[in-house]
Amino acid sequence: MEFAELIKTPRVDGVALHRPFMPTVEGTLCLTGHHLILSSRKDNTEELWLLHSNIDSIEKRFVGSIGSIIVKCKDLRVIQLDIPGMEECLNIASSVEALSTLDIVSLMYPFFYRPMFEVIEDGWKLFLPGESFKDLESMTDEWRLSEVNKDFIVCPSYPARVAVPKDIGDDTLKKAATFRHGGRFPVLSYYHKKNGMVMMRAGQPLTGTNGRRCKEDEKLINATLRPGKRGYIIDTRTINVAQQAKARGGGFESEANYPQWRRIHKAIERSNILQESLIKLVEACNDQSHSMDRWLSKLEASGWQTHVKEILTTACLAAQCIDREGASVLVHGTEGTDSTLQVTSLAQIILDPACRTIRGFQSLVEREWLQAGHPFQQRCAQSAYSNSKPRQEAPVFLLFLDCVWQILRQFPCSFEFSETFLVLLFEHAYASQFGTFLGNSAAIRARLSLPEKTVSLWSWVNRPQELERLGNPLYEANSLVIWPSVAPQSLLLWEGVFLRWNRSSKCFDEAYEEMVHIIEYNKELQNKVNSLRRQLAQLETDDSLLQTT
C-alpha cells in the first residue's frame with residue numbers, strides 16, 4: 001500500500017493553528033505518510049511536527065466556509081486547525097483519520113526513521129539478558145541463565161533467556177510452564193544483595209475448580225527458599241477475583257501444596273477499569289468550567305489516585321517482605337504482564353539505588369517491561385480521547401511512571417534523572433520514531449527484526465547532551481532503601497503530564513518557583529534523615545560488637 005493513496009489533499013495554505021496559552025500560528029499545512037506538519041515559514045516561529053500515530057481522535061466543525069479540526073493526541077495535547085474551504089477540511093480530516101489508525105506495524109514510522117544524530121551506543125545491545133546476568137553472577141552462584149525459551153515456544157511472552165535457580169533443570173521448567181497462565185513460569189526478577197532474598201514473577205497457577213497441582217512448579221519456587229525460611233506470594237487480585245478465576249481454569253496457590261509460602265491478596269484493578277479511570281481523569285483536568293470543589297470531586301471520582309496508592313502500597317509490601325522480613329517473594333496477578341510488573345519494578349526502585357540512575361532505570365524498563373512481555377502495542381494503542389470502544393488498551397505503564405514520579409517527588413535527591421525523563425518515556429510509549437516500544441513481546445520484536453531495522457530510544461537517551469537534559473541537578477547517590485509515603489496527602493496529581501497542556505506559563509513559573517523552594521527544603525531534610533540513619537546503623541554495629549565481646 002502507498003501512503004499517497006490515503007492522502008487526498010497533501011497541502012493547504014492559510015491554515016491557523018490554535019493551542020492553549022500559546023499564540024496563534026498561521027502557515028501551510030502539509031501531510032506526509034507519517035506526519036502532520038504546519039510551518040509559518042517565519043523566523044523564530046515554532047513549527048508543528050505531529051506524528052499521525054500520536055493522534056487519538058479528531059473532531060470536525062464548520063462555520064461558513066471555514067472548517068476546523070480538533071486534534072486530540074495520545075500525549076494529552078489538544079490543538080485546533082482552522083482550514084479554509086470545506087472540501088479541503090474534509091479531505092484533511094479523512095486523510096488524518098486513515099493515517100492515524102494504520103495498524104500495519106511494518107508501515108509505522110520507526111521503520112522509516114533515519115537518525116540525524118551520531119549513534120554512540122546501540123541501545124538494542126545495551127540491556128540484553130546476558131548483560132544483566134553478569135551483575136547477578138558477581139553476587140551469587142545460585143542462579144543460572146536458562147535458554148529453555150530460546151525459540152519462544154515454552155512462553156511466547158518471555159525473552160529467549162531467563163534467570164532460574166541453578167538446581168532446576170529445563171525439563172522441570174517446561175512442566176512448570178504448563179501450569180502457569182501463558183506459560184509464564186516463575187523467573188527471577190530481583191536479587192537483594194543485602195540478604196540474598198529474591199523476588200520472582202509469574203502468571204497465575206492453572207489450578208482450576210478441581211484443585212490441580214504441579215510438583216515441578218512447587219519444586220521451582222521452593223528452590224528459592226533458604227533452609228527454615230518462609231516466602232510470601234503476593235497476588236495482585238482480591239481473594240474474590242482470584243476465586244472467580246478458578247472457574248475459568250486459573251486460580252491461586254493452595255496452602256496445602258505450598259506450605260512454606262504465605263499468600264497475600266491485594267487489590268490492583270484490571271486494565272478496563274484503569275482505562276476508564278484515565279478517561280475520567282483527563283476529562284476532569286480539561287474541565288475549567290466548575291468550581292474548585294467540583295473539580296476536586298471529579299478528580300477523586302476518576303479513581304486515579306486510588307490506583308496509584310494501591311500499586312505503591314503493594315510495591316512497598318513486596319519490598320518490606322524482602323528487606324525487613326528477610327523473605328523471598330513471588331508476585332503474580334492473572335496474566336503476569338501488567339500489575340505484576342508494576343509491583344516488581346517499583347519494589348526495585350525502593351530497594352535498589354542502581355534503579356534510580358538514568359542507566360539503571362533504562363535497564364529496569366527493559367528487564368521488567370519490554371523483555372518481561374508487557375503488551376505495549378495493545379495497551380498504548382489508544383489514550384484518553386479515542387472515540388472507539390477500548391479493547392485491550394490500558395494506562396498500565398503510565399501508572400507505573402506516575403508512581404515513580406510520586407517517589408521522585410518525595411525523595412528529590414535520590415534520583416539521577418528528573419521528571420523530564422519520565423514524561424519522555426510516557427510520550428514514546430504511545431508514539432515514537434524509535435522502535436523500542438513497538439510489539440508486545442521479545443518474540444514479536446525478534447520476528448519484526450526491530451534491532452536491525454529501527455533505532456532504539458536508548459541510543460538517543462544516552463548521548464551526553466540528552467543525559468544532561470534529563471539529569472537531576474539535585475542528585476546525590478543514596479545507597480539506602482527509600483520508603484515512600486502512601487498517605488493521601490502525600491500523593492499528588494502529576495501536573496507535568498495531566499496539566500502541562502492547559503496551564504498558563506505564568507502559573508507554571510510560580511508553581512516551579514514554589515517547587516524549587518520545596519525541593520531545597522526536602523534536600524536539607526533528607527540529608528538530616530540520612531545522617532541520623534548512619535548514626536543509628538553505627539550504634540547497632542557498636543552494640544553487636546559489645547555483645548560479641
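Is Gln305 buried, partly exposed or exposed? Start there, then work through the exercises.

This is a predicted model, in which local features need pLDDT of at least 70, side-chain atom pairs count only at pLDDT 80 or more, and totals for chains, interfaces and linings use all residues. Residues are numbered from 1 along each chain as its sequence is written, and side-chain values use heavy atoms, with hydrogens and water left out.

**Exercise 1. Classify Gln305 and place it in its helix.**

Step 1. Recall the classes: buried means under 20% relative accessible area, exposed over 50%, and partly exposed in between (1.4 Å probe, protein chains only).

Step 2. Gln305 has a relative accessible area of 22%, so it is partly exposed.

Step 3. Gln305 lies in helix 8 (residues 304-323). Helices (H or I, at least four residues) and strands (E, at least two) are DSSP runs, numbered from the N terminus.

Step 4. Look along the chain. Ile322 is 17 residues from Gln305 in sequence, and their C-alpha atoms are 26 Å apart.

Step 5. Find the partners. Contact means heavy atoms within 4.5 Å. Leaving out residues up to four places away in sequence, Gln305 touches Gln406, Leu491, Leu492 and Leu493.

**Exercise 2. Describe the largest nonpolar core.**

Step 1. Define it. A nonpolar core is a set of buried Ala, Val, Leu, Ile, Met, Phe, Trp, Tyr and Cys residues joined through side-chain atoms within 4.5 Å.

Step 2. Find its hubs. The largest core has 89 residues, and Phe361, Phe397, Phe421, Leu425, Trp458 and Phe498 touch the most other members.

Step 3. Name the main contributor. Helix 12 (residues 396-410) gives the most to this core, with eleven residues.

Step 4. Separate it from its counterpart. Another core lies apart from it, with 26 residues, among them Val15, Leu31, Ile69 and Leu81.

Step 5. Inspect one hub. Beyond its neighbours within four places in sequence, Phe361 has contacts that include Ile349, Phe400, Val404, Phe421 and Leu425.

Step 6. Set this against a general pattern. In soluble globular proteins, nonpolar side chains tend to be buried together.

**Exercise 3. Trace the surroundings of Leu424 and Val96.**

Step 1. Leu424 lies in helix 13 (residues 419-430). Its relative accessible area is 6%, so Leu424 is buried.

Step 2. Val461 is 37 residues from Leu424 along the chain, yet their C-alpha atoms are separated by 9.7 Å. Val461 is also one of the contacts of Leu424, together with Leu457, Trp460, Glu466, Arg469 and Leu470, neighbours within four places left aside.

Step 3. Val96 lies in helix 1 (residues 86-100). Its relative accessible area is 2%, so Val96 is buried.

Step 4. Thr32 is 64 residues from Val96 along the chain, with 9.8 Å between the C-alpha atoms. Neighbours within four places aside, Val96 is in contact with Leu31, Leu36, Ile55 and Ile58.

**Exercise 4. Find the cavity and describe its lining.**

Step 1. Define it. On a 1 Å grid over the protein atoms alone, a cavity is a set of points where a 1.4 Å probe fits but cannot get out; lining residues have an atom within 4 Å of a point. Grid points are joined across faces, edges and corners, and a volume is the space filled by probe spheres set on the points.

Step 2. Count. The structure holds one cavity of 30 Å³ or more. The largest cavity contains about 170 Å³ of space.

Step 3. List the lining. It has 18 residues, and Glu269, Arg270, Glu335, Asp338 and Ser339 are the closest to the centre.

Step 4. Sort the lining: three nonpolar, nine polar and six charged. Here Ala, Val, Leu, Ile, Met, Phe, Trp, Tyr, Cys and Pro count as nonpolar, Asp, Glu, Lys and Arg as charged, and the others, Gly among them, as polar.

Step 5. Assign helices. Helix 6 (271-286) and helix 9 (339-351) each supply at least two lining residues. Helix 9 gives the most, with three.

**Exercise 5. Check the length and burial of helix 9.**

Step 1. The expected span of a helix is 1.5 Å times one less than its number of residues.

Step 2. Helix 9 has 13 residues and reaches 18 Å from first C-alpha to last, close to the 18 Å expected.

Step 3. In helix 9, 13 of the 13 residues are buried, so the helix is largely enclosed by the rest of the structure.

Conventions:
1 Å grid on protein atoms, 1.4 Å probe; cavity = no way out; pocket = protein on both sides within 12 Å on 5 of 7 lines; lining within 4 Å.
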